[in-house]
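Please look over the sequence and the model below before reading on. The text then walks through one part of the chain, step by step.

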Amino acid sequence: MLLLTKRKAPEKSVLTQNSETKQQNGNVEFMVQLRSVSKTYANGCHALANIDLEVKKGEFLFVTGASGSGKSTLLKLLYGDELPTQGDVIVNEYNMVPLRGHRLSFFRRRIGVVFQDYKLISRRTVAENVSLALKAQGYTRKEIQRRLEPSLKLVGLHSKAECFPKQLSGGEQQRVGIARAIAGTPPILLADEPTGNLDPENSWQIMQIFQKLNSFGATVIVTTHDEQLVRRCNHRVMQMQNGRLYPRT
Ligand SMILES: Nc1ncnc2c1ncn2[C@@H]1O[C@H](COP(=O)(O)OP(=O)(O)OP(=O)(O)O)[C@@H](O)[C@H]1O
């Protein structure tokens, strides 16, 4: 299987692994470790308060919670779009907090992100949207060609490669967003309210794709308001409440 096969670890010259972040937990390997993480935005809004979270490699986690409870902020810390005010954010054994510039960019390329509003380039075809993301990750033209087809096939959009986003349904656009996120075979996929704009049938299709990726070995973290979807899947659920994270049974 081309997708989600293991890639070389980042080269030490580009990204130096922090020895503190190495696993010291027997056989358990974590994809995500948050230690006493808080986030206060510049306007004084306390979005996250003293969060501890561990997500094992290969795990599927839902994060639920009311609007404004801090779900997006949590994911933004994981893909390096925001910095915590306090605490450590360790993803795939690297502490994100001290990373800056090209080291942060390099690291972010190894994290797949899917957004509620798809964030596709409207003037580019489906194939171009996926290819451009791969190009930005430094893949050669040959490698882009090799990765494009299986990525689109995996989300069932092979026949729509030459369509523009506006020629697609919302569910199809989101599947392009997923193809773009996974084409570089990231070991972790973060999805922020990925089904927020979709009907139940399309939402379920998207969730099945995530579950398939998870079965191939990817760690998947999905934020959602959709309780029905959460109940339909049998995965761990954490509940965000006013910037605090609680396990849900
Ligand atoms: N860039 C920002 N600057 C200031 N405050 C922010 C910023 N982004 C988010 N917030 C605030 O942080 C809190 C958490 O927001 P966040 O977007 O993480 O919540 P959420 O649970 O994802 O909400 P939703 O489900 O509506 O997307 C909210 O009070 C929000 O207003």
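**A loop residue and the strand before it**

In this predicted model, Ser69 sits in the loop that lies between strand 3 (60–65) and helix 1 (71–78). Is Ser69 buried or exposed? A residue is buried if 20 or more other C-beta atoms lie within 10 Å of its own. Ser69 has 21 C-beta neighbours inside 10 Å, so Ser69 counts as buried.

Which residues does Ser69 contact, leaving aside its neighbours within four places in sequence? They are Met240, Gln241, Asn242 and Gly243. Met240 and Gln241 fall within strand 9, residues 236–241. As for Leu198, 129 residues from Ser69 along the chain, its C-alpha atom is separated from that of Ser69 by 21 Å.

Now turn to strand 3. Six of its six residues are buried, so strand 3 is largely enclosed by the rest of the structure. In a regular strand, side chains alternate between the two faces of the sheet. On one side of strand 3 are Phe60, Phe62 and Thr64, and on the other are Leu61, Val63 and Gly65. These residues are all buried, and both faces of the strand are thus covered.

Which strands pair with strand 3? One is strand 8 (residues 219–224), which pairs with strand 3 in the parallel sense over five bridges. Within this pairing, Phe60 has Val220 as its bridge partner. Strand 9 also runs parallel to strand 3, and five bridges join the two. Here Phe62 is partnered by Val237 of strand 9.

How values were computed
Residues are numbered from 1 along each chain as its sequence is written. This is a predicted model: local features need pLDDT of at least 70, side-chain atom pairs count only at pLDDT 80 or more; totals for chains, interfaces and linings use all residues. Helices (H or I, at least four residues) and strands (E, at least two) are DSSP runs, numbered from the N terminus. A residue is buried if 20 or more other C-beta atoms lie within 10 Å of its own, exposed if 12 or fewer, and partly exposed in between; C-beta atoms are placed from the backbone. Two residues are in contact if their C-beta atoms, placed from the backbone, lie within 7 Å. Two strands pair if DSSP finds at least two bridges between them.
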